[in-house]
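Here is a note for a student who is reading a protein model for the first time. Please keep the structure open while going through the points.

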Amino acid sequence: MYQHVQPNNTNHIHANGHNVPTKATSNGTMCANGSLGTEGPEATETDASGTGRMRKPLERNGSTQNHVVHLERRLGLFSGVALIVGTMIGSGIFVSPSGLLVRTGSVGVSFIIWLACGLLSLLGALAYAELGTMNTSSGAEWAYFMDAYGPAPAFLFSWVSTLVLKPSQMAIICLSFAQYAVEAFVTECDPPRGVVKMVALVAIVMILFVNCYSVNLGMAVQNIFTAAKLVAVVVVICGGAYKLMQGNTQHLSNAFNGPMPNVGAIATAFYTGLWAYDGWNNLNYVTEEIKNPSKNLPRSIIIGIPLVTLCYALINISYLAAMSPQEMIESEAVAVTFGNRILGALAWLMPLSVTISTFGSANGTLFAAGRLCFAASREGHLLDILSYVHVRRLTPAPGLIFHSLIASAMVLHGTIDSLIDFFSFTAWIFYGGAMLALIVMRYTKPNYPRPYKVPIIIPVVVLVISIYLVAAPIFETPRIEYLYALLFIFAGLIFYVPFVKLGMTPRFMNKVTLFFQLLLEVVPTSSMAMFE
């Protein structure tokens, strides 16, 4: 049995077991005064204007007797860069970079959009760095919406992201992984659809086990697979350089031949490119586990995203050095076609590279997604059990399991194309919301400490572009799916009003929570816990 003891409400228990004096803020919350943890000072007070509240970062060294159970700060600069690069470089650049060619009709325009997507991702991530160093709570957009707008918009984000965005992202990546893993053994025909789905499910279970077992193991897998996929990127770039030195530049010399795409086509082309770059904000979901986040969060972003952009640009040049734009469009897997032409007997390295890349990307996606569940449910926006942490391993196991179950259902019943369309449109609604949150808090929280601060023009530019990315496809080619996406977002209010706003809880939920707490050996981070 677990024994729960409510923590003292006048002191904040520090990582080393000492009591840290706290003071009440204007809205009645308690916050520590001074530095937290061993990694340097992190602000935890509300701003002088007194509007809203900032949740304290959780910094603990373990779940021992008389210590509150918390996620530990274990991610350094290298792990932060690996998480960004590892989740951004998935299957897109190896499988379907031709999507931009189809939608733009021009090699030059598609190349410009590849670079623009990288620049947009970098600007968005720099704005997120300010938000993430202001509030070092995990949860990314959810935490920032709470600070800027209040609980209702934050709940809508957690509602959509937990049930659709993060699970669909993982389902897409695992289906891509399975497709290439199975194709290695089926050469004369398309791989059976049922087998692909089963392999995708096995991948989800393996990734879930790794992340539930240990944070260190999860990050070790991330670091190793990121290094492996960068080796694959170097192989492609070197192969392309070899072809260019042979004089194969004909597909690059006439890059801007062809008609210019219209406004709607450019927006949908950005969707294709930005899907390949997605993951630039994943580090903000795990800020409570980053060592010295005020320094390592922006540093990881500044290193990771330009590195990915450079890789994508050089890979596209390499593809065009080995094949024509039409051949890229007709190829079902551009990297495999490239390998067959350049690597000869070593062509098998390309399918292997895709499987490694997608597995690492799925691992990073689940690592981040579980922290969103943890942060939102800790505030009462999701089921209480999802905010619990394993009593010995200090991993948010319930949140990880919950995301994996939904992703598994999507693997069984969804397709990659349908999931990508919904994901891209909905995600940029919330990315724009985060930019607006930063702008709002410049006025509502002007005196709040900002260890890292971006020029205000950056969130303004990203906000304007996000509005364009959401609105242009609707006006250019209206589709019922866009209406469904908006309806699903606001359908969350049906659950928010009774269960969050009014605090209604079905009686059986306490028994359900206790059952899963005993089954999974997890405890809430807001209480003392130990085995008897």
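1. A helix here is a DSSP run of at least four residues in state H or I, and helices are numbered from the N terminus. With that in hand, Leu486 can be placed in helix α18, which covers residues 480-491. Please remember throughout that this is a predicted model.

2. The overall make-up comes next. The protein chain has 20 helices and 5 strands. It is 532 residues long, and 57% of those residues count as buried. Its accessible surface is about 21500 Å², and carbon and sulfur atoms account for 66% of that area. Taking contacts between residues at least 6 apart in sequence, 79% of them join residues at least 24 apart.

3. Back to Leu486. Is this residue buried, partly exposed or exposed? Leu486 counts as partly exposed, because its relative accessibility is 31% and the class between buried and exposed runs from 20% to 50%. Leaving aside residues up to four places away in sequence, Leu486 touches Phe425 and Ile429. Phe425 is 61 residues from Leu486 along the chain, yet their C-alpha atoms are separated by 9.7 Å.

4. Helix α6 deserves a careful look. It spans residues 151-183, which makes 33 residues, and the distance from its first C-alpha to its last is 46 Å. That is close to the 48 Å expected at 1.5 Å a residue. Where is the kink in α6 centred? The kink is centred on Ser161 and amounts to about 55°. As for cover, 26 of the 33 residues of α6 are buried, so the helix is mostly covered.

5. Val182 lies 11 residues from Arg193 in sequence, and the two are 9.9 Å apart, C-alpha to C-alpha. Arg193 belongs to helix α7, residues 193-213. Its relative accessibility is 57%, so Arg193 counts as exposed.

6. Asn282 offers a contrast in setting. Asn282 sits in the loop between α10 (263-277) and α11 (293-322). Its relative accessible area is 0%, so Asn282 is buried. Which residues does Asn282 touch, not counting those up to four places away in sequence? They are Leu83, Thr87, Lys166, Gly364, Thr365 and Ala368.

7. Now the salt bridges. Side chains of opposite charge can pair when their charged atoms come close. How many salt bridges does the structure hold? There are 4. One of them is formed by the side chains of Arg442 and Glu130, at 2.7 Å from N to O. Arg442 lies in helix α16 (residues 416-444) and Glu130 in helix α4 (residues 107-134), so this pair ties together parts that are 312 residues apart in sequence.

8. Glu130 has a further partner. The side chains of Arg450 and Glu130 also meet in a salt bridge, at 3.2 Å from N to O. Because Arg450 lies in the loop between α16 and α17 (457-476) while Glu130 lies in helix α4, the pair ties together parts that are 320 residues apart in sequence. Are these three residues buried or exposed? Arg442 counts as buried at 17% relative accessibility, Arg450 is buried at 15%, and Glu130 is buried at 0%.

9. Another salt bridge joins the side chains of Glu521 and Arg392, at 2.8 Å from N to O. This pair links distant parts of the chain, 129 residues apart: Glu521 is in the loop between α20 (508-520) and β5 (522-524), and Arg392 is in the loop between β4 (388-390) and α15 (397-413). Glu521 counts as partly exposed, with 27% relative accessibility, whereas Arg392 is exposed, with a relative accessible area of 51%. To return to the earlier pairs, salt bridges that share partners join Glu130, Arg442 and Arg450 into one network.

10. The last point concerns the surface. Which residues make the nonpolar surface patch of about 600 Å²? The patch is made by Ile494, Phe495, Val497, Phe499, Leu502 and Met504. Among them, Phe499 is found in helix α19, residues 493-501. Phe499 is partly exposed, with a relative accessible area of 40%.

Terms used: Residues are numbered from 1 along each chain as its sequence is written. This is a predicted model: local features need pLDDT of at least 70, side-chain atom pairs count only at pLDDT 80 or more; totals for chains, interfaces and linings use all residues. Side-chain values use heavy atoms; hydrogens and water are left out. Patches are made of residues with over 30% relative accessible area and no salt bridge: like charges are joined within 9 Å, nonpolar side chains (Val, Leu, Ile, Met, Phe, Trp, Tyr) within 5 Å. Accessible areas come from the Shrake-Rupley method with a 1.4 Å probe; for residues, only the protein chains shown count as cover. Helices (H or I, at least four residues) and strands (E, at least two) are DSSP runs, numbered from the N terminus. Buried means under 20% relative accessible area, exposed over 50%, partly exposed in between (1.4 Å probe, protein chains only). Contact means heavy atoms within 4.5 Å. The expected span of a helix is 1.5 Å times one less than its number of residues. The bend at a residue is the angle between axes fitted to the seven residues ending there and the seven starting there.
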